[in-house]
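This report describes the fold, core and principal pocket of a single protein model. The sequence and structure are shown first, and the strand arrangement follows.

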Amino acid sequence: MQAKAYNQKVGGVKRDFDPITGVDPTPQFAHLANLMKFDKNQTFQVNLHQWRTRVSDVYKGATIPEGPHRDGHHITSVTVWNRKNVSGGDSTLFQIGKTEPFFKKVLKPGQCLVMRDEDMVHGADDITANSDDGGSRDIWVISINPWNDRRYGDTFEEFASAEVSSGSDPIAAE
């Protein structure tokens with residue numbers, strides 16, 4: 001569940017995902033933790049979301065329907081695993097309150113962005129198919145929070161589903 005305070009399009013909606021099977025993400029988690037120099041005596045909540053963006057006659061190739069956004073996590077990483085027959089999908093990073101990205105690049109399979117979510121807004125441009133056969137872009141998003149600020153449970157769900165007052169947009173705030 002994402003908080004409405006961060007995502008007006010899908011925030012406040014409880015979503016259940018099937019467990020990931022057939023792959024062990026532990027090496028990626030460990031590599032990320034080592035890069036970030038996490039305190040090994042501290043406990044963290046780590047979430048992994050995987051999805052495929054498709055483009056065809058039926059699917060529009062919208063990588064992020066809500067547009068540039070923040071997720072409300074301490075650390076977010078986006079890894080591209082596969083790009084099949086597509087163009088576009090530039091990953092973008094924006095300073096909070098700015099409309100032009102300071103970073104814009106098509107990530108190749110195996111490339112990853114790691115960011116402090118509170119410091120910037122992120123997004124990705126839509127993909128287009130290189131032929132009538134359609135195509136896809138597969139990514140993993142790993143979000144990390146200290147255990148004492150985890151993003152689940154009754155208290156978090158109450159916050160996440162709360163209505164947001166106008167003028168309280170955390171994306172526009174500096």
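## Open sheet

In this predicted model, four strands make up an open sheet with the order E1-E9-E2-E6, and their pairing is antiparallel. Strand E1 (44-55) and strand E6 (112-116) are the edge strands, each of them pairing on one side only. On average, and with direction ignored, neighbouring strands of this sheet are turned by 15° against each other.

Strand E2 (residues 75-84) is joined to E6 by five bridges, the two strands running antiparallel. Within this pairing, Thr76 stands opposite Met115 in E6, and Ser77 stands opposite Val114 in E6.

## Helix H1 and the two faces of E6

Helix H1 (residues 26-36) lies across E1, E2, E6 and strand E9 (135-146). The helix runs at about 55° to E9.

In a regular strand, side chains alternate between the two faces of the sheet. E6 has a covered face with Leu113 and Met115, whereas Cys112, Val114 and Arg116 belong to the uncovered face.

## Strand E4 and its partners

Strand E4 (residues 91-95) contains Ser91. E4 is largely enclosed by the rest of the structure, because four of its five residues are buried. E4 pairs with strand E5 (103-105) in the antiparallel sense over three bridges, and Thr92 stands opposite Lys104 in E5. The pairing of E4 with strand E7 (120-124) is also antiparallel and extends over five bridges; here Gln95 stands opposite Met120 in E7.

Ser91 has a relative accessibility of 2% and therefore counts as buried, the cut-off being under 20%. Leaving aside neighbours within four places in sequence, the contacts of Ser91 are Phe103, Lys104, Lys105, Leu107, Leu113, Gly123, Ala124 and Arg137.

Ile96 is placed in the loop between E4 and E5. With a relative accessible area of 13%, Ile96 is buried. Ile96 and Tyr152 are 56 residues apart along the chain, and their C-alpha atoms are separated by 25 Å.

## Nonpolar cores

In soluble globular proteins, nonpolar side chains tend to be buried together. The largest nonpolar core of this model has nine residues: Val78, Val80, Leu93, Leu107, Leu113, Met115, Met120, Ile139 and Val141. E2, E6 and E9 are the elements that give two or more residues to this core. A second, separate core has six residues, including Leu48, Ile75, Ile142 and Ile144.

Leu113 and Met115, on the covered face of E6, are among the members of the largest core. Another member is Val141; not counting residues up to four places away in sequence, Val141 touches Asn47, Leu48, His49, Trp51, Thr76, Ser77 and Val78. One of these contacts, Leu48, is itself part of the second core.

## Largest pocket

The largest pocket has a volume of about 1,200 Å³. It is lined by 48 residues, of which Gln2, Arg15, Phe17, His49 and Trp51 are the closest to its centre. Two of the residues named there, His49 and Trp51, are also touched by Val141.

Which elements give two or more residues to the lining of the largest pocket? They are E1, E2, E4, E6, E7, E9 and helix H2 (154-161). E1 provides the largest share of the lining, with nine residues.

Technical notes
Residues numbered from 1 in each chain as written. Predicted model: local features only at pLDDT ≥ 70, side-chain atom pairs only at ≥ 80, totals over all residues. Heavy atoms only, no water. Pairing = 2+ DSSP bridges. Axes fitted to C-alpha atoms, helices over the stretch in contact; angles between N-to-C directions. Contact = heavy atoms within 4.5 Å. Buried < 20%, exposed > 50% of the residue type's maximum accessible area, 1.4 Å probe, protein only. Core = buried A, V, L, I, M, F, W, Y, C linked by side-chain atoms within 4.5 Å. 1 Å grid on protein atoms, 1.4 Å probe; cavity = no way out; pocket = protein on both sides within 12 Å on 5 of 7 lines; lining within 4 Å. Points joined across faces, edges and corners; volume = space filled by probe spheres on them.
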